[in-house]
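The following exercises are to be worked through with the sequence and the model in view. Each task is followed by a solution in steps.

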Amino acid sequence: MFTGIVTDVGEVAVVEGSQGTLKRLRIHSSYDPATIVLGASIACGGPCLTVVAFGERDGGCWFDVDAAAETLERTTVGEWQAGTRVNLERSLKIGDELGGHIVTGHVDGLATIVAKEAITAGDDPWGPTARFTLKVPPALAPFIAEKGSVCLDGTSLTVNAVNDDMFSVLIIPHTLSVTTWGDRQVGDKLNLEVDLMARYAARLADARRAG
């Protein structure tokens, strides 16, 4: 489990060719290698991936993850190359602060950025804020609600407005500077995980209608 609060921005160092239905990626991070164990779960750009190897390097660590067919089909992981920057979050421990919302690392689909607007309030010393408008697959649109939560590329965000299959989020200067959001442009696809409670509420409603 995660909260959507990014704790590092890693960089893909190596992408190995597929072995059957798997693709192996090596990611460089500033995490202390002494805190990582084999089998650990790390949210990489949204998807929860399992550490299959790791080691020390200057400035932090490297770790390898395997992306299975389902991940490659549903997420942007299949498009990652050496140099791709990805938001990272370590899995929660009992007692950790829940700073965002409950995130599973199970991506539901892709959202596409259709508009980006920089918002500057006078001589704001913290820099510009940005409003992004995104389009989602029609099947996922009912799970997104105004003032509700979404997880996009591993970041927990509040939905500002919803219009059919499009919604907007506001990204503050801090988030723009410490995540990959500062790199995002119109046309980019992002890994989307809808709110867990919305998913279960919809499933319960479907069961009641069927009954």
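**Exercise 1.** Determine which residue of E5 is the bridge partner of Arg 26, and describe the surroundings of that strand.

*Solution.* Step 1: The bridge partner of Arg 26 in E5 is Asp 64. Strands such as E5 are DSSP runs of E with at least two residues, helices are runs of H or I with at least four, and both are numbered from the N terminus. The model is a predicted one, in which local features need pLDDT of at least 70 and side-chain atom pairs count only at pLDDT 80 or more, while totals for chains, interfaces and linings use all residues. Residues are numbered from 1 along each chain as its sequence is written, and side-chain values use heavy atoms, with hydrogens and water left out.

Step 2: Strand E2 (residues 23–29) pairs with E5 in the antiparallel sense over seven bridges; two strands pair if DSSP finds at least two bridges between them. E5 is also joined to strand E4 (residues 48–57), again antiparallel, by six bridges.

Step 3: At the E4 side, Arg 57 stands opposite Gly 60 in E5. The hairpin of E4 and E5 has two residues between the strands, and Gly 59 takes a positive phi near 85° there.

Step 4: Of the eight residues of E5 (residues 60–67), seven are buried, where buried means under 20% relative accessible area, exposed over 50% and partly exposed in between, with a 1.4 Å probe and protein chains only.

Step 5: The charged end of Arg 26 sits over the ring of Trp 62, 3.7 Å from its centre. Such a contact requires NZ of Lys or CZ of Arg within 6 Å of the ring centre and within 35 degrees of the ring normal. Arg 90 likewise lies over the face of Tyr 31, at 5.1 Å from the ring centre.

**Exercise 2.** Establish in what order the six strands close into a barrel, and trace some of the pairings.

*Solution.* Step 1: The order is E7-E8-E11-E10-E9-E12, with antiparallel pairing.

Step 2: Strand E10 (residues 155–163) is paired with strand E11 (residues 166–171) over four bridges, and Asn 163 has Met 166 in E11 as its bridge partner.

Step 3: Strand E9 (residues 149–152) and E10 also pair over four bridges, with Ser 149 opposite Thr 158 in E10. In their hairpin, which has two residues between the strands, Asp 153 takes a positive phi near 50°.

Step 4: E9 and E12 share three bridges in the antiparallel sense; here Val 150 stands opposite Val 194 in E12.

**Exercise 3.** Identify the one aromatic pair of the structure and explain what it ties together.

*Solution.* Step 1: Rings of Phe, Tyr and Trp (its six-membered ring) pair if their centres lie within 6.5 Å; planes under 30 degrees apart count as stacked, over 60 as edge-to-face and the rest as tilted. The pair consists of Phe 132 and Trp 181, edge-to-face, with 4.8 Å centre to centre and 65° between the planes.

Step 2: Phe 132 belongs to strand E8 (residues 129–135) and Trp 181 to the loop between helix H2 (173–178) and strand E12 (189–194), so the pair ties together parts that are 49 residues apart in sequence. Both Phe 132 and Trp 181 are buried.

Step 3: Leu 176 lies in helix H2 and is buried, with a relative accessible area of 18%. Its C-alpha atom is separated by 8.1 Å from that of Ala 130, 46 residues apart along the chain.
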